[in-house]
Amino acid sequence: MSECILQMKNITKTFPGVIALDKVNLDVTKGEIHALVGENGAGKSTLMNVLSGIYPYGTYEGEILYKGEVCNFKSIRDSEKMGIAIIHQELALSPFMSIAENIFLGNERQTNGVIDWDETNNKAKEVMASVGLNESHNALIRDIGVGKQQLVEIAKALAKDCELLILDEPTAALNDEDSDHLLTLLKKLNKEQGISCIIISHKLNEIAKVSDRITIIRDGQVIETLDNHEKGAISEDRIIKGMVGRDMVDRFPKRTPHIGEIGFEVEHWNVYDPLNEERKVIDDVSFNLRKGEVVGLAGLMGAGRTELAMSIFGKAYGKKISGKIIKDGKELHLHNVSQAIENGIAYLTEDRKNAGLVLIQDISSNTAMSNLKNLSSNGIVDDEKVIKSAEEYRAKLQTKCSSVFQSAGNLSGGNQQKVVLSKWLSTLPDVLLLDEPTRGIDVGAKYEIYNIINDIANEGKCVLVISSELPEILGVADRIYIMNEGKLIGETTRDEATPEKIMARIIQSANE
């Protein structure tokens, strides 16, 4: 029997009015990859925050044993000294510092208070090589992609002599290629260095592929732990049943589309990089959206999908923008975001926590944020209107919260996404540009978001859905555009589309 490196016994954690964890037990053996799955708000991240000392000893009940020793971590530094490292979904890297500096940030190589740059750089190169990061150690974080930034975080953990690595949604922002590379690295670290991993993810195909055991948490309690000794032996459907407490026959809700006339068009759209005005990011893109239709925009990370949507949304991104935007047959001249909103266009960002919400403000304030003009009288915000609007969209989208005065930062990911949707729906838009609308939320919450998207389309609105997950695009879209390297390279209907055909077209385009 493998050595047990971690035991968490009867962990109970409460917040005001909420039992987040109810006598949770978890054990991890040395050298295993242990998956932790559950719906948003189930308690996964809370449990890991208890383990890592983010929620310090004394704020929870129960016992943590690590390598046979009782641990009362008062801070994250205490857990790191014991060889436990946690990597959050929102990466904790400084964009204006180099890779080497980030790897040793808070763990500086120094002598008598003076940083030893030779040791720093040499050790950085060593751990970078161990994670397969082929970049200069002097490269700035802002100049490398998200996939490589994840590798920097893992290198940072290895530099602290990590023995238990906790990863919270490590592939949520990665494309398929970067995800495969990261998962292969985890298996390598697991096999060659004996590093144990706890991985939290909503990508159940990845969980089934790499994990040795899978613990399912629902409503703050452990439902079961599944042995996945033969990798991939446990099906996604089996995991989902444990997560939601029932079988989910369909991942995507059925609907009969009622597609009308063209309501929104973009013609010969060109956009240049705001930091390098010689580099064209969007190259002569033309597309249209019909009323009552859900259109998908597929492509790899870096294809230009977000840049396209943001540049259309009142030139929120880009320089030297040219082309036409036509809504209901009339050309629009949008110079800023306010003008886009006034003309019935809304953009839901892919980054809800940094750009979509003000986490320290409550639900009502966030819902009103894009619609203050209509919620004001004589330039003064009408609090009654704000609360009434928030209550209306809370009920309409079935947002789970104690009240509209609850802080947005205390909501689960799925409910945060509903608040972002509420913010834009309250502006009564005709065109919705939804960028990664289900990123980082669980399968049950995704289904609810898909229903909302269908309802929006059924109201006769034009909807564009950007997603890095091809099954999602195929499941929600009536028609699909394919994008690569800033260009639209194909268009297909849902009936004709397959993941293989879409990827083949992207690969063909890259080789042309």
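Start by selecting residues 164-168 and 196-200: these are strand 9 and strand 10, which run parallel and are joined by five bridges. Keep in mind as you look around that this is a predicted model. Now pick out Leu165 and look straight across to strand 10, where Cys197 stands opposite.

Next, widen the view to the whole sheet. In what order do its strands sit? The order is 6-9-10-3-11-12, in an open sheet of six strands with mixed pairing. Colour strand 6 (84-87) and strand 12 (221-227) to see the edges: each has a single partner strand, so one side of each is left without a neighbour in the sheet. Turn the sheet a little and you can follow its twist, which averages 15° from one strand to the next.

Now add residues 44-52, which form helix 1. This helix lies across strand 3 (33-37), strand 6, strand 9, strand 10 and strand 11 (213-218). Against strand 10, helix 1 runs at about 145°.

Last stop: a pair of helices. Select 146-158 for helix 5 and 176-192 for helix 6; their axes come within 10 Å and cross at roughly 15°. That makes helix 5 roughly parallel to helix 6, and the crossing is right-handed. Which residues make the contact? Show side chains for Gly147, Leu151, Ile154 and Leu158 on helix 5, then for Asp178, His181, Leu182, Leu185, Leu186 and Leu189 on helix 6. Colour them by class and you'll find seven nonpolar, two polar and one charged residues in this contact.

Note on methods
Residues numbered from 1 in each chain as written. Predicted model: local features only at pLDDT ≥ 70, side-chain atom pairs only at ≥ 80, totals over all residues. Heavy atoms only, no water. Axes fitted to C-alpha atoms, helices over the stretch in contact; angles between N-to-C directions. Helix = DSSP H or I, 4+ residues; strand = E, 2+ residues; numbered from the N terminus. Parallel < 35°, antiparallel > 145°, perpendicular 65-115°, else oblique. Left-handed = near helix turned anticlockwise from the far one by under 90°. Contact = heavy atoms within 4.5 Å. Nonpolar A, V, L, I, M, F, W, Y, C, P; charged D, E, K, R; others polar. Pairing = 2+ DSSP bridges.
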